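Here is a quick briefing to read alongside the model. It covers cysteines, pockets and salt bridges, in that order.

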Amino acid sequence: KSVRLSRFRGAPVLLFFGFTHCPSVCPAALEQLRQLETKYEKELGATRIVVVSVDGERDTPERLSSWLRPISKDFLGLTGTPEKVRDIASEFRAAFYKTPGQKPSEYLVEHNSQIFLIDPEGKLRATFFNAPIATMAEVTESMIVKY
């Protein structure tokens, strides 16, 4: 089923573009997000962590779910056609492209390692690139609407 980022309005979203066959960037970013979620649970409140696959050809919803489950039961994995994901990624200036392997099925997808922070109103507020998790927690917490 279709999921729109507007579904998460009212809480911050940490958004990462990755894929299940990624050998280096994704494991490091997902570990960082796991540590952030674990160590700063109170500060993050209702913040959602969303991973959008840049490999819609191989990453089914089931595959994404089984890939993310050991990292966190609360991470949400989304996928779609390469064209649809490219449209979404372009809104964040998140680039990705295929690099061929020895066999057609062995390709990799080069992609950004940034984690994007979307505020509760749906606006991009920060882009983290290898930021310390304490900084990510502090900036994310500042986006939580306190009434």
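**Cysteines, pockets and salt bridges**

A search of the whole structure, which is a predicted model, turns up zero disulfides. As for open space, the largest pocket holds about 1000 Å³, and the second largest pocket comes in at about 180 Å³. On the charged side, the salt-bridge count is seven.

**Cysteines**

- Why is there no bond at Cys 22? The closest cysteine sulfur, in Cys 26, sits 3.3 Å from the sulfur of Cys 22, and that is too far for a bond.
- The cut-off that matters here is 2.5 Å between the two sulfur atoms, so a pair must be within that distance to count as a disulfide.
- Looked at from the other end, Cys 26 has Cys 22 as the holder of its closest cysteine sulfur, again at 3.3 Å and again too far for a bond.
- Are these two cysteines buried or exposed? Cys 22 is buried at 11% relative accessibility, and Cys 26 is buried too, with a relative accessible area of 0%.

**The largest pocket**

- This one has a volume of about 1000 Å³. Its lining takes in 37 residues, and those closest to the centre are Val 3, Arg 4, Leu 5, Leu 78 and Ile 88.
- Which elements supply at least two residues each to the lining of the largest pocket? They are two strands, β1 (13-18) and β3 (76-78), plus two helices, α3 (61-68) and α4 (82-92).
- Helix α4 gives the largest share of that lining, with six residues.
- By class, the lining of the largest pocket splits into 19 nonpolar, ten charged and eight polar residues.

**The second largest pocket**

- The volume here is about 180 Å³.
- Its lining includes a run from Leu 44 through Gly 45, Ala 46, Thr 47 and Arg 48 to Ile 49. Glu 37, Glu 41, Asp 74 and Phe 75 line this pocket as well.
- Helix α2 (41-44) and strand β2 (48-53) are the elements that give two or more residues to the lining of the second largest pocket.
- The class split for this lining is four nonpolar, four charged and two polar residues.

**Salt bridges**

- Out of a total of seven salt bridges, three are picked out below.
- Asp 55 and Arg 58 pair up through their side chains, with 2.6 Å from N to O. Both ends are tucked away: Asp 55 is buried, with a relative accessible area of 3%, and Arg 58 counts as buried at 17%.
- Asp 119 and Arg 125 also meet in a salt bridge, with an N to O distance of 2.6 Å. Here Asp 119 is buried at 6% relative accessibility, whereas Arg 125 is partly exposed at 47%.
- How far is it from N to O in the salt bridge of Glu 121 and Lys 123? The distance between these side chains is 3.5 Å. Glu 121 counts as exposed, at 52% relative accessibility, while Lys 123 is partly exposed, with a relative accessible area of 43%.

How values were computed:
Residues numbered from 1 in each chain as written. Predicted model: local features only at pLDDT ≥ 70, side-chain atom pairs only at ≥ 80, totals over all residues. Heavy atoms only, no water. Buried < 20%, exposed > 50% of the residue type's maximum accessible area, 1.4 Å probe, protein only. 1 Å grid on protein atoms, 1.4 Å probe; cavity = no way out; pocket = protein on both sides within 12 Å on 5 of 7 lines; lining within 4 Å. Points joined across faces, edges and corners; volume = space filled by probe spheres on them. Helix = DSSP H or I, 4+ residues; strand = E, 2+ residues; numbered from the N terminus. Nonpolar A, V, L, I, M, F, W, Y, C, P; charged D, E, K, R; others polar. Salt bridge = Lys/Arg side-chain N within 4 Å of Asp/Glu carboxyl O.
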